[in-house]
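Biologist: I should like to learn how to read a structural model. May we take it feature by feature?

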Amino acid sequence: MPSPYATHPEAREIVFDFLEGYDVLGAFWMTVKLTALSALGSLIWGTLLAGMRVSPVPLMRGFATVYVNIVRNIPLTVIILFTSLGLADIFGMTLGASDFKVQGFRLAVLGFIAYTAAFVCEALRSGINTVPLGQAEAARAIGLSFSQTLRLIVLPQAFRSVIGPLANVLIALTKNTTVAAAIGVAEAAYLMKSMIENEAQTLLVGAVFAFGFVVLTLPTGLFLGWLGKRMAVKR
Amino acid sequence: MTEVSVAKQDVAATGELVVLKSVNKHFGALHVLQDIDLTIARGEVVVVIGPSGSGKSTLCRTINRLETIDSGTITIDGKPLPQEGKELARLRADVGMVFQSFNLFAHKTVLENVMLGQIKVRKADKKQAEEKARTLLDRVGVGTQADKYPAQLSGGQQQRVAIARALAMGPKVMLFDEPTSALDPEMINEVLEVMQQLARDGMTMIVVTHEMGFARSAANRVVFMADGRIVEEAAPDQFFSNPRSDRAKDFLSKILHH
C-alpha cells in the first residue's frame, strides 16, 4: 500500500498538527537534563554508599545499610513530593534558586539522586562481591590502605562487572524522571499531561512520548551492554 | 618431586627478623595455631611443611596480619605487629607476600602490577617505578610480557610477576604461601628457580610448600607442622634423612615413597 503522505503531502500536517504550538523537544531536553544530572549525582553518592557498606567502620556500614533499605522502599513519588512540600515549603530549603521553576528542577534532581543512589549502591555492592577476595588481600599485602584498595583495585573491577545492571538503573532513572511532573518540572510527562487535556488525539500524543523515551533509553542500553562486554575483566 | 639443585651457602644469622611468641589462633572451635614459637633470623630461608590443615598457611598469613591472632606476639625487625591502619599498611609494605593463586591485579597490566605499590605506597615517581619494575620483570624472566594482562600469561609467568611485584616494595622478608601448588607441573621449576635465586641473594624467606626438593636445596631450616603445632624443627638434611618425631616420619613416608 502506498504511503498516504506520498499522494497527499498535507496528510502529514493533518496527522501531526496537534503538535503545533508545543515545545516537545524542549520538554525532552528537560528530561535529558534531569536524567544526566541525577545519573551523575547518584553514581557518586551511590559509590560512596557502597564504599561505606563494605567499610570496616561499623557506624558507616550501619548508616549505609539503613539508608539503602529505607530509601529504596519508599515510592519515588513520595520522595519527590517530600522534596517540594517538605524540604522547600516547610524547611525553606530552596537550594539557592530564586524562581520556582529552577527550585523545582533542583529539588527533583536532589530527590532522584537520593533515590537512585540506593540502587546504584546495591548494584555496585554485588559487583564488589564478584571481585575475588585475593585481589584485596594482594593489595593490602603490598601496603595499600583500605581506601586505596577500594579505589584502585576493588571498585574499578566491580564497576566493570556491573555496567549491565547500572544500565538498567539508568534506564529506570530516565523513565522515573517523569515523576518530576508531580512538582511542576516541565519535562516530557508534564507536557504530555497538558497535551492530553487539550488535544483530541490522546493515543497519538501518548505514542509520541513513548517513542521519545524509547529513543532516549534504547541506545543507552545497547551502548552500555556493548561497553560491559568490552570492559569485562578477564580472569 | 622437583629437584632443583643449588649450591647452598650458610647464611650467618645477623639478628632476629621475625619472632613469633606463643601465638594462638582459633577458627571457631578449631584451634589452628597452638602456642607457636618461631624465630627467623635475617637472611634465613625457612621452609614450613606439613599435612594440609596443619595451620602452615595460616601461620604464614599471620605474619603480615592477613589473619589476626587471638593471643601471643609477633614482632618484625623488633617492632610488634600494629593493629590496623597506617602503621599496619607500612609494615605490610616491608613484608612481601606471594599467594598460591597469584592474585595479580586483573584489570592492570603486568607492568602496572609491579609499579602500583612503588607509586602509591613508596611514593616513587613514575619513571623510577617503571625502570625498577622492568628490571625486576627481566630478573624473573617475564620482561617481554610487561604490557600484557595477567589473564594472558601462564600460571608460572603470573607467579613470577607476583614475586616481582612483592620485590618491588624492597621487602625485608618474603612470605610464600604455597607458591607452586596451583601450577601445572612443568611450570613449577621456573618459579622455584626464581626463589632459589632470591635465597642465594640473601633474602629472608618463609616458604610454605610441598616442594621437598626446594626444601632440601634452598632451606636453612625446615619447620614441620601438624595439627596447629610445630612438631619438629631441623636442618633439611637432618629432617629428611633422620626425622625425630613419629608424625614427621609418617608424613615423609607418605610423600617420599609412592
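Biologist: How many residues does the contact take from chain A and from chain B?

Modeller: Please note that this is a predicted model. The size of an interface is often given as the accessible area lost when the parts come together. Here we may list residues instead: chain A gives 19 residues to the contact and chain B gives 22 residues.

Biologist: Which helices of chain A each supply at least two residues of the side that touches chain B?

Modeller: They are helix 7 (133–141) and helix 8 (146–161) of chain A. By character, the residues on the side of chain A that touches chain B comprise eight nonpolar, six polar and five charged.

Biologist: What is the order of the strands in the open sheet of chain B?

Modeller: Strands of a sheet pair through backbone hydrogen bonds, either parallel or antiparallel. In chain B, four strands form an open sheet in the order 2-1-4-5, with antiparallel pairing. Strand 2 (30–41) and strand 5 (79–80) of chain B each have a single partner strand, so one side of each lacks a neighbour in the sheet. Strand 1 (residues 16–27) of chain B pairs with strand 2 of chain B over eight bridges; H26(B), for instance, has H31(B) as its bridge partner.

Biologist: Which residues have the most contacts inside the largest nonpolar core?

Modeller: In soluble globular proteins, nonpolar side chains tend to be buried together. The largest nonpolar core here has 139 residues, and those with the most contacts inside it include A108(A), V47(B) and L175(B). Helix 6 (residues 100–130) of chain A gives the most to this core, with 16 residues. Among the residues that L175(B) touches are C60(B), I63(B), V95(B) and I206(B).

Terms used. Residues are numbered from 1 along each chain as its sequence is written. Chains are lettered from A and ligands numbered from 1 in the order in which they are written. This is a predicted model: local features need pLDDT of at least 70, side-chain atom pairs count only at pLDDT 80 or more; totals for chains, interfaces and linings use all residues. Two strands pair if DSSP finds at least two bridges between them. Two residues are in contact if their C-beta atoms, placed from the backbone, lie within 7 Å. Ala, Val, Leu, Ile, Met, Phe, Trp, Tyr, Cys and Pro count as nonpolar, Asp, Glu, Lys and Arg as charged, and the others, Gly among them, as polar. A nonpolar core is a set of buried Ala, Val, Leu, Ile, Met, Phe, Trp, Tyr and Cys residues joined through C-beta atoms within 7 Å. A residue is buried if 20 or more other C-beta atoms lie within 10 Å of its own, exposed if 12 or fewer, and partly exposed in between; C-beta atoms are placed from the backbone. Lists of a residue's contacts leave out its neighbours within four places in sequence.
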